[in-house]
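Trainee: I've got a new model open on my screen and I'd like to learn how to read it. Could you walk me through it, one feature at a time?

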Amino acid sequence: MAQYTKVPDHSHSDNELMPLVTDPANAFAPIAMRSQILPPREEIYHSKLEKVYLFWIVGASCDGCTIAVTGATHPRLEDLMLGRVPGLPRVELIHTVVSVESGPEWTENLRMAAAGELDAPFLICWEGSIMDETYSGDGYWMGLGEDRETGRQITSLEWLDRMAPLAAAVLAIGTCATWGGIPAAANNVTNAKGVMDHLGKDYRSTLGLPVINVPGCSPVGDNILETASAALLFLNGLAPLPEFDELGRPAWLFTETVHRHCPRAGYYEEGVFAEEYGDKECLVELGCWGPVVQCNIAERGIVDGYGGCMNMGGICIGCTMPGFPDKFAPFYATPPGSFLSATTSRTVGGFIRRVRRLSMHDKQRSARWDSDDSPSGWARHKKQPVGVEKAVHRFYSKVQHFNDGANH
Ligand code: SF4
Ligand code: SF4
């Protein structure tokens, strides 16, 4: 056990056992015990499995991923826990923050999972990076309960190592858990890393899956639960294995760049850029890395379809990417590569924008107004196109309707 903590056994040297509520009828007993005497719920729709356990374990984390998952709406965590999502088993959540039980009753759930004593399969969602306990001197970085009999401090990492081989799936939640994130930034003293790097290339869950990665700092809550739901459908035998990319990310969520779905992408294409925060145009010259970052927040929003970085006026700092944060620093500085693309957009997009404005001017006029005055007082300042503009409109219209035989 030396690789986990060098803290000696303490407090129970007289073999005093910490009290543990073991009566499953007691509301403070471990949920893994209480759940075993519950009658199967009849309202579990179209699910072969009645329930699964979901262990949410935390390493070096800010709890941002926990906040994100509790804000998920498609599906909601509450609906999963109540078994209200058709095709999905009911989820018994064992979470470091939101579980009812605490202390030895909470830890007992983990011990039962590691000992194979649960009555249903389980998933692990790991939040936070993994700090190297061999660097922790005489202490430990990530304590999570004690051994009941000896009082020995158990670390989160030890629980992961004991439980991962028996888990149906291990999901690394957030950029700290997937790639190391901020705790693994240059000059950190903890040798922090992601779950995938810790468990190694050969790790496979009981479903035969490597670590599933849902990055983001914090991730979109819907991305977390949608991925977990996809894994549960597979576990349930109701859907094929979801598609994951070469980094173990759900491919349908992380293939596209932020830029392709950004509401400001049209400004980029036309070569119009924000000069300061609060401007509505493309933010690339204020430091946005969206063109090279894989993330779906621009179209998905952060909670229930709303919010998200550039939707709210913020730049992309690349928080979903393995290179975050070091390879995106310094933040809020223009990415060097954007000079070429922004200059090209300014040149080409500037021309295209003017041509489009010309065409828009024509499409803002009804055919009647072209041969008569505008009936609207609002449009008094809109002059009839004359000269070159009129000729361009006529030529454009001829080309547009070349094949339809209409007389325009
Ligand atoms: S704000 Fe960022 S993501 Fe959006 S269009 Fe500009 S560069 Fe692309
Ligand atoms: S847009 Fe960029 S900064 Fe915002 S969540 Fe996505 S990757 Fe992170």
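Mentor: Sure, and let's begin with burial. A residue counts as buried if 20 or more other C-beta atoms lie within 10 Å of its own, as exposed if 12 or fewer do, and as partly exposed in between. Keep in mind that this is a predicted model.

Trainee: Let's try that on D63. How many C-beta neighbours does D63 have inside 10 Å, and how does D63 count?

Mentor: D63 has 13 C-beta neighbours inside 10 Å, so it counts as partly exposed. You'll find D63 in the loop between β1 and α2 (64–70). Have a look at its backbone too: phi is near 75 degrees, a positive value in a residue other than glycine.

Trainee: Then what about Y332: is it buried or exposed?

Mentor: Y332 counts as exposed, because it has 11 C-beta neighbours inside 10 Å. Its phi is also positive, near 65 degrees, again in a residue other than glycine. Y332 sits in the loop between α11 and α12.

Trainee: While we're in that loop, which peptide bonds are cis?

Mentor: The bond from F324 to P325 is cis, with omega near 0 degrees. The bond from A329 to P330 is cis as well, and there omega is near -5 degrees. P325 lies in the loop between α11 (297–300) and α12 (338–363), and P330 is found in that loop too.

Trainee: Let's zoom out. How many helices and strands does the protein chain have?

Mentor: The protein chain has 14 helices and seven strands. For overall form, set the radius of gyration against the value for a compact globule. The protein chain comes out at 28 Å, whereas a compact globule of 408 residues would be near 22 Å. Along the principal axes, the C-alpha atoms fill a box of roughly 100 × 55 × 40 Å. As for burial, 40% of the 408 residues count as buried.

Trainee: And what do the contacts say about sequence separation?

Mentor: Take the contacts between residues at least 6 apart in sequence: 73% of them join residues at least 24 apart.

Trainee: On to the sheet. What is the order of its strands?

Mentor: With a sheet, read the order, then the edges, then the twist. Here five strands form an open sheet in the order β2-β1-β3-β6-β7, with parallel pairing. β2 (90–95) and β7 (212–214) are the edge strands, each pairing on one side only. From one strand to the next, the twist averages 20 degrees.

Trainee: How many bridges join β1 to β2?

Mentor: Six bridges join β1 (residues 51–58) to β2, and the two run parallel. To see one, pick L54: its bridge partner in β2 is L93.

Trainee: Which helices pack on the sheet?

Mentor: One is α5 (residues 156–163), which touches β1 and β3 (122–127). The direction of α5 makes about 145 degrees with that of β1. Another is α8 (residues 221–235), which touches β1, β3, β6 (169–173) and β7. Its direction makes about 160 degrees with that of β7.

Trainee: Why is α5 largely enclosed by the rest of the structure?

Mentor: Because six of its eight residues are buried. Those are S156, L157, E158, W159, L160 and M163. Their cover includes β1, α4 (103–114), β3, β4 (143–146) and β5 (153–155).

Trainee: E158 lies in that helix. How many other C-beta atoms does E158 have within 10 Å?

Mentor: E158 has 24 other C-beta atoms within 10 Å, so it is buried. Check E133 as well: it is 25 residues away from E158 in sequence, and their C-alpha atoms are 9.8 Å apart in space.

Trainee: Last stop, the ligands. Which residues come nearest to ligand 1?

Mentor: For a ligand, list the shell, then sort it by class. Of the 14 residues around ligand 1, H259, C262, C282, C288 and G290 come nearest. By class, that shell has eleven nonpolar residues, two polar and one charged.

Trainee: And which residues are around ligand 2?

Mentor: They are G216, V258, V293, C295, I297, C309, C316, I317, G318, C319 and T320. This shell divides into eight nonpolar and three polar residues, with no charged ones.

Key: Residues are numbered from 1 along each chain as its sequence is written. Chains are lettered from A and ligands numbered from 1 in the order in which they are written. This is a predicted model: local features need pLDDT of at least 70, side-chain atom pairs count only at pLDDT 80 or more; totals for chains, interfaces and linings use all residues. A residue is near a molecule or strand if its C-beta atom, placed from the backbone, lies within 6 Å of it. Ala, Val, Leu, Ile, Met, Phe, Trp, Tyr, Cys and Pro count as nonpolar, Asp, Glu, Lys and Arg as charged, and the others, Gly among them, as polar. Helices (H or I, at least four residues) and strands (E, at least two) are DSSP runs, numbered from the N terminus. The radius of gyration is taken over C-alpha atoms; the globule rule is 2.2 Å times the number of residues to the power 0.38. Two residues are in contact if their C-beta atoms, placed from the backbone, lie within 7 Å. Two strands pair if DSSP finds at least two bridges between them. Axes are lines fitted to C-alpha atoms, for helices over the stretch in contact, and angles run from 0 to 180 degrees between N-to-C directions.
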